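I opened the notebook to look up ring pairs, enclosed spaces and a few single residues in this model. The entries follow in the order I took them.

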Amino acid sequence: MLIVGLVFLYLPMLILVIYSFNSSRLVTVWAGFSAHWYVELFRDEQILSAIWTSLRIAFFSASMAVCLGTLAAFVMVRFARFRGKTALSSMVTAPLVMPEVITGLSLLLLFVHMAQLIGWPADRGMVTIWIAHTTFCSAYVAVVVASRLREVDLSIEEAAMDLGARPVRTFFQITLPVIAPALAAGWLLAFTLSLDDLVIASFVSGPGATTLPMVVFSSVRLGVSPKINALATLIILAVSLATFIAWYLMRRSEARRRQAMLQDMTAGR
């Protein structure tokens with residue numbers, strides 16, 4: 001069943017990659033091997049502009065989401081019980097279960113009323129999309145970081161403060177390196193969610209900012225273009241390369257750790 005599930009998942013991707021080299025304008029009719037649509041893709045200024053816009057929004061949204069999500073995780077895990085803690089935790093994690101249509105509509109109404117009251121934002125664009133993506137990505141980061149904070153041994157931090165380290169120094173030299181993998185995982189998760197979002201961006205975007213999912217969705221409604229196959233193939237290649245690099249670095253780190261343990265055992269003998 002696992003093999004059937006994997007084939008069902010990856011076989012369409014393989015077919016998509018093959019048909020990205022199709023010379024025909026019809027995506028379902030094979031007319032010969034050609035890289036013509038990759039050339040056309042890099043000539044399409046609309047798609048290239050949308051890619052650059054989506055990458056910038058995803059980068060800044062993920063970075064801000066890590067900051068806000070980490071603060072929220074510390075409040076939920078490290079602070080003692082206080083009045084409103086349950087309500088705060090529920091509000092932090094609410095975007096996880098909230099339909100994106102509701103989130104996008106509520107943010108749209110918020111921006112419209114803010115523009116009427118204080119004159120900002122004058123028009124919707126990258127900034128409003130960035131705020132919207134940060135809002136729902138922070139919840140995912142908070143959950144990831146909070147799960148890691150619950151496993152951190154507090155005695156290490158207490159020992160550092162007993163030796164004279166201030167709380168800020170303890171955080172940056174003890175706590176932060178320990179939760180760094182969770183921060184990296186949260187950042188990558190937020191980056192992926194922001195890069196993939198269509199519904200919320202459709203509500204809070206304006207004429208000056210169009211993300212890649214919006215461009216792809218609008219083009220697919222008029223008929224699937226072979227350029228979309230080429231774009232999807234490049235995305236699959238980029239994700240596969242990033243995954244391989246991460247796996248290779250983790251394997252090297254694990255090998256070095258085992259080698260260091262063997263050297264310590266040999267020296268102890």
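Before the entries, I note how helices are assigned: they are DSSP runs of H or I, at least four residues long, and are numbered from the N terminus. A residue counts as lining a pocket if it has an atom within 4 Å of one of the pocket's grid points. The model is predicted.

**Entry: largest pocket**

I started with the largest pocket, which has a volume of about 1400 Å³. Which helix gives the most to its lining? I found that α11 does, with 14 residues. The helix α11 covers residues 226-268. I counted 38 lining residues in the record of this pocket, and those nearest its centre are Thr192, Leu195, Ile235, Ala238 and Val239. Besides α11, the helices α1 (2-19), α2 (36-43), α3, α8 and α10 (212-221) each supply at least two residues. I then sorted the lining by class and got 32 nonpolar, 5 polar and 1 charged.

**Entry: second largest pocket**

I put the second largest pocket at about 150 Å³. Its lining includes Pro95, Leu96, Met98, Phe136, Tyr140 and Leu193. Two or more residues each come from α4 (85-97), α5 (100-118), α6 (126-149) and α8. By class I have 8 nonpolar, 1 polar and 3 charged residues in this lining. Glu100, Asp196 and Asp197 are among the lining residues, and Asp and Glu count as charged.

**Entry: cavity**

I searched the whole structure for cavities of 30 Å³ or more and found 1. The volume of the largest cavity is about 30 Å³. I listed its lining as Ser54, Ile57, His133, Ser194, Leu195, Thr211 and Pro213. Both α3 and α8 supply at least two of these residues. How do the lining residues divide by class, and how many are charged? I got 3 nonpolar, 4 polar and no charged residues. Leu195 is in this lining, and Leu195 is also one of the residues nearest the centre of the largest pocket.

**Entry: aromatic rings**

I went through the ring pairs next, and the count is 9 aromatic pairs. One of them is Phe59 with Trp187, which is edge-to-face, at 6.0 Å centre to centre and 75° between the planes. Why does this pair tie together parts that are apart in sequence? Phe59 is in helix α3 (residues 45-78) and Trp187 is in helix α8 (residues 167-196), so the pair joins parts that are 128 residues apart in sequence. I checked accessibility for both: Phe59 is partly exposed at 41%, and Trp187 is partly exposed at 25%.

I then took Trp187 with Phe191. Their ring centres are 5.2 Å apart and their planes are at 15°, so I list the pair as stacked; the cut-off for stacked is under 30 degrees. Trp187 and Phe191 are 4 residues apart in helix α8, which is about one helical turn. Ring pairs link Phe59, Phe60, Trp187 and Phe191 into a cluster.

**Entry: Ser20**

I looked up Ser20 in the loop between α1 and α2. Is Ser20 buried or exposed? At 0% relative accessibility, I count Ser20 as buried. I found a polar contact of 2.7 Å between the side chains of Ser20 and Tyr38, and one of 3.2 Å between the side chains of Ser20 and Thr233. Setting aside neighbours within four places in sequence, I list Ser34, Trp37, Tyr38, Asn229, Ala230 and Thr233 as in contact with Ser20.

**Entry: Ile156**

I placed Ile156 in helix α7 (residues 154-162). Ile156 is partly exposed, with a relative accessible area of 45%. From Ile156 to Thr170 I have 9.4 Å, C-alpha to C-alpha, with their positions 14 residues apart in sequence.

**Entry: α10 and what follows**

I closed with α10, where Leu212, Pro213, Met214 and Val215 are buried. Of these, Pro213 is also in the lining of the largest cavity. After α10 comes Gly223, and I noted that its phi is positive, near 120°.

Methods. Residues are numbered from 1 along each chain as its sequence is written. This is a predicted model: local features need pLDDT of at least 70, side-chain atom pairs count only at pLDDT 80 or more; totals for chains, interfaces and linings use all residues. Side-chain values use heavy atoms; hydrogens and water are left out. Rings of Phe, Tyr and Trp (its six-membered ring) pair if their centres lie within 6.5 Å; planes under 30 degrees apart count as stacked, over 60 as edge-to-face and the rest as tilted. Buried means under 20% relative accessible area, exposed over 50%, partly exposed in between (1.4 Å probe, protein chains only). On a 1 Å grid over the protein atoms alone, a cavity is a set of points where a 1.4 Å probe fits but cannot get out, and a pocket is an open set with protein on both sides within 12 Å along at least five of seven lines; lining residues have an atom within 4 Å of a point. Grid points are joined across faces, edges and corners, and a volume is the space filled by probe spheres set on the points. A polar contact is a pair of N or O atoms within 3.5 Å; within protein, one must be able to donate a hydrogen and the other to accept it, and residues adjacent in sequence count only if both atoms are side-chain atoms. Contact means heavy atoms within 4.5 Å.
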